[in-house]
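Welcome! Let us take a friendly walk through a protein model, stopping at its ligand, its hollow spaces and one residue in a helix.

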Amino acid sequence: MNSPVSLRDIPQSNIFRKGDVFVLFGELFGRGYANGLINEAKKAGMTIIGITVGRRDENNALRPLNDEELAVAESNLGGRIINVPLMAGFDLDAPAGEPTPTDLLADMTLKSWQDDRLDWQYIEKCREVGVARFKSSVARVMAELDGMIPDGSNAFFAHTMAGGIPKVKVFLAIANRIYKGRGERFMSSRALLDSDLGKLILMNFDEVTANTFQYLIDGSAHIRARLEKSGGQVRYTAYGYHGTEILIDGKYQWQTYSNYTQGRAKMRLENVAEAAWATGIKATVYNCPEIRTNSSDIFAGVELSLFPLLKALRQENGGAWAEAQWQTCRSLLQEGITLEALLQKIEAYNTSSVMSVFRNFAAWPMDNSEALADLMIGTSDEIIQMHKDRKELVVGHLSALVLEGTGPLMFHETSSPAGPVLWLNHDIIAKQLNLMHSS
Ligand SMILES: NC(=O)c1ccc[n+]([C@@H]2O[C@H](COP(=O)([O-])OP(=O)(O)OC[C@H]3O[C@@H](n4cnc5c(N)ncnc54)[C@H](O)[C@@H]3O)[C@@H](O)[C@H]2O)c1
């Protein structure tokens, strides 16, 4: 991909209707992106079906949800959940009776991790166990699902899985430095990527964030074939991240959060969609803007690119509703602090020489730098302090708007998708939001 392929016009088509089935491939969290798609699927009257990643028992063995957990998850989703654990990654997998990668990492310390080495032949064995477990669980899920999707209906598979950070103490400390540290506490993302620990984490990201999309497409092949033979259609979507165009200096310009450690896995996800597309399968990765969710909260400063959405709302024919969003955001700031001053700070941040260096699409995902961490995390802190309450942030409101806007864009585009990888930038999201709220 040499440059972003951006969705510029609001898609209008819709092939999905009552009786068609929407399958969420990942769990649903309150602030998660998937809510946008689920809302649209419900509006269209589709049957909603979900999966679970399962839970770990006291010995770290994967188990299905218990009755109570299942009831909560189904009511939260508004649909049935196929209760077969689909936890991806191999951080807790190993040949029977042998140590898992997480066990091997447990001995690493903050002093030793950069020199600690892993036995890659052994890690590969663990990976094979994890992949085999996941694929066989996918096969069980698909067998159940097969009976739930009638002949001739359409199916929409929405992949939302991303993650794969192993739960080891040493990484929590490292992550705090790489994603949140500045000054004395700064740590270069390159140090992580050059270590065996970092290489293992990237392999696990590949499994969770990218390869699961392939396993979903492969595992549902017989459902796809049956539906297509009986007059139905099948679509696949996944959420990507590969930077976003936002308003900087009055123009939409591509920018990114750095260092996005999962970047290589997200490019692999794009490759999965491109390869499937080449064989006639309608699979599309939608590269979405930075928002605050359970998964992105760890990346301090990722939210800074959200603020210019307010300007985009005005620029894309925003009316009274767009002004009301400005008002809502104003009301979250401390007395005497204006939204204009906050946006000015963001503009200065984005146009600074430190940030401009990172607007290099071809070099993505770039390593972080000390200057970047100082400016980004410092600005993030300063902006949080401009609020009345650090739990009620402007970016919380804007994240909800972006999620709301991506829903109809992805849902309608997927009826007749233009390609396997599409960027949803602030322009189209603002257009969609203004349209939805214009009446
Ligand atoms: N938040 C952002 O700024 C942002 C931007 C662009 C794209 N995305 C992507 O959107 C998608 C949804 O993320 P979100 O930010 O809404 O957060 P979220 O926390 O709501 O969703 C994360 C998803 O990953 C699944 N998951 C986590 N670990 C897993 C594992 N080991 N095995 C299987 N599934 C696992 C969860 O069940 C959940 O469905 C992800 O693919 C994410 O990369 C997020």
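Here is a short report on what can be read from the structure.

## About the model

This is a predicted model, in which local features need pLDDT of at least 70 and side-chain atom pairs count only at pLDDT 80 or more, while totals for chains, interfaces and linings use all residues. Residues are numbered from 1 along each chain as its sequence is written, and side-chain values use heavy atoms, with hydrogens and water left out.

## Around the ligand

The ligand has 25 residues around it, where a residue is near a molecule if one of its heavy atoms lies within 4 Å of it. Those that come nearest are Glu-27, Tyr-33, Ala-88, Thr-293 and Ser-295. By kind, this shell holds 14 nonpolar, 8 polar and 3 charged residues (Ala, Val, Leu, Ile, Met, Phe, Trp, Tyr, Cys and Pro count as nonpolar, Asp, Glu, Lys and Arg as charged, and the others, Gly among them, as polar).

Which atoms of Glu-27 and Lys-266 lie 2.7 Å and 2.8 Å from an oxygen atom of the ligand? For Glu-27, it is a backbone N or O atom, at 2.7 Å. For Lys-266, it is a polar side-chain atom, at 2.8 Å. Tyr-33 also places a backbone N or O atom 2.7 Å from a ligand oxygen atom. The protein covers 91% of the 820 Å² of accessible area that the ligand has on its own (from the Shrake-Rupley method with a 1.4 Å probe).

## Hollow spaces

On a 1 Å grid over the protein atoms alone, a cavity is a set of points where a 1.4 Å probe fits but cannot get out, whereas a pocket is an open set with protein on both sides within 12 Å along at least five of seven lines; lining residues have an atom within 4 Å of a point. Grid points are joined across faces, edges and corners, and a volume is the space filled by probe spheres set on the points. The whole structure has 5 cavities of 30 Å³ or more. The largest cavity has a volume of about 60 Å³, and its lining includes Gln-255, Tyr-257 and Met-376. That lining has 6 nonpolar, 5 polar and no charged residues.

The second largest pocket holds about 260 Å³ of space. Among its 16 lining residues, Arg-292, Asp-297, Ala-300, Ser-380 and Ile-384 lie nearest its centre. The lining divides into 7 nonpolar, 3 polar and 6 charged residues.

## A residue in a helix

Is Leu-342 buried or exposed? Leu-342 counts as buried because its relative accessibility is 0% (buried means under 20% relative accessible area, with a 1.4 Å probe and protein chains only).

Key. A polar contact is a pair of N or O atoms within 3.5 Å; within protein, one must be able to donate a hydrogen and the other to accept it, and residues adjacent in sequence count only if both atoms are side-chain atoms. Buried means under 20% relative accessible area, exposed over 50%, partly exposed in between (1.4 Å probe, protein chains only).
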